[in-house]
Amino acid sequence: MSDSPSDKSIAIIAYITFIGTIIAYFLNREPKHPFATKHIQNMFGLLIILFCAQVAYNYMNPILGDVLWIGSFGAWAFSLVTAIIGKEPAIPFFSQKFQEWFQFLK
């Protein structure tokens, strides 16, 4: 039996704050798990949206920041559930774009 965590476990770890994303990235280095990689890319995109929400709240428009934050929180919760049940990330439009944009995380 292998001591490395399964792809599903790595995918779930990716959704535990930004530290979990970093840990999941390093756990997924060898061997590569395509399922976990997709979830790591998805969470990385959600973290960028969350960062943009914080910037918008502080420096632009607090209402825009709140809307982005609530949207990213909902997408995070949905993505965490999809990782737990073992499905591919499926945020409409964004999950597919995150897979294209964050190829460097493979």
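In this predicted model, G74 lies in helix α4. Its relative accessibility is 37%, so G74 counts as partly exposed. Along the chain, G74 and I48 are 26 residues apart, and their C-alpha atoms are separated by 15 Å. Helix α4 also holds F73, and for the pair F73 and L47 the sequence distance is likewise given as 26 residues, with 9.9 Å between the C-alpha atoms. F73 has a relative accessible area of 43% and is therefore partly exposed, since that value falls between the 20% and 50% limits.

F73 leads on to the largest pocket, as both F73 and L47 belong to its lining. The other lining residues are Y15, T17, M43, L46, L50, W69, S72 and W76. Two elements, α3 (residues 34-59) and α4 (residues 62-85), give two or more residues each to this lining. The space in the largest pocket comes to about 200 Å³. In terms of residue class, eight members of the lining are nonpolar and two are polar, while charged residues are absent.

One of the lining residues, T17, deserves a second look for its backbone. T17 is placed in helix α2, which spans residues 17-27. Its phi is near 55°, a positive value in a residue that is not glycine. With a relative accessible area of 48%, T17 is partly exposed, because exposed residues are those over 50%. A positive phi is also found at F93, where the angle is near 70°, again in a residue other than glycine. F93 sits in the loop between α4 and α5, the latter covering residues 94-101. At 51% relative accessibility, F93 passes the 50% limit and so counts as exposed. A further backbone feature is the cis peptide bond that joins E30 and P31, with omega at about -10°. P31 belongs to the loop between α2 and α3.

Turning to helix packing, the axes of α3 and α5 come within 9 Å and cross at roughly 100°. This angle lies in the range from 65 to 115 degrees, and the two helices are therefore roughly perpendicular to each other. On the α3 side the contact is made by K38, Q41, N42, G45, L46 and I49, and on the α5 side by F94, S95, F98 and Q99. Divided by class, the residues of this contact are four nonpolar, five polar and one charged. L46 of α3 takes part in this contact, and L46 is also named in the lining of the largest pocket.

Within α5, Q99 offers a closer view of the packing. Its relative accessible area is 16%, under the 20% limit, so Q99 is buried. Apart from neighbours within four places in sequence, Q99 is in contact with K38, Q41, N42 and P89. Of these partners, K38, Q41 and N42 are named among the α3 residues of the helix contact. P89 is shared with T82, a residue of helix α4, whose contacts beyond four places in sequence are H39, K87, E88 and P89. T82 has a relative accessibility of 6%, and because this is under 20%, T82 counts as buried.

The N-terminal part of the chain can be followed from I13, which is placed in helix α1, residues 7-14. I13 has a relative accessibility of 24%, and so counts as partly exposed rather than buried, the limit for the latter being under 20%. Setting aside neighbours within four places in sequence, I13 touches G20, T21, I23, A24 and L27. I13 also has a long sequence separation from L80: the two are 67 residues apart along the chain, and 9.3 Å apart in space from C-alpha to C-alpha.

Key. Residues are numbered from 1 along each chain as its sequence is written. This is a predicted model: local features need pLDDT of at least 70, side-chain atom pairs count only at pLDDT 80 or more; totals for chains, interfaces and linings use all residues. Side-chain values use heavy atoms; hydrogens and water are left out. On a 1 Å grid over the protein atoms alone, a cavity is a set of points where a 1.4 Å probe fits but cannot get out, and a pocket is an open set with protein on both sides within 12 Å along at least five of seven lines; lining residues have an atom within 4 Å of a point. Grid points are joined across faces, edges and corners, and a volume is the space filled by probe spheres set on the points. Helices (H or I, at least four residues) and strands (E, at least two) are DSSP runs, numbered from the N terminus. Ala, Val, Leu, Ile, Met, Phe, Trp, Tyr, Cys and Pro count as nonpolar, Asp, Glu, Lys and Arg as charged, and the others, Gly among them, as polar. Buried means under 20% relative accessible area, exposed over 50%, partly exposed in between (1.4 Å probe, protein chains only). Axes are lines fitted to C-alpha atoms, for helices over the stretch in contact, and angles run from 0 to 180 degrees between N-to-C directions. Angles under 35 degrees count as roughly parallel, over 145 as roughly antiparallel, 65 to 115 as roughly perpendicular and the rest as oblique. Contact means heavy atoms within 4.5 Å.
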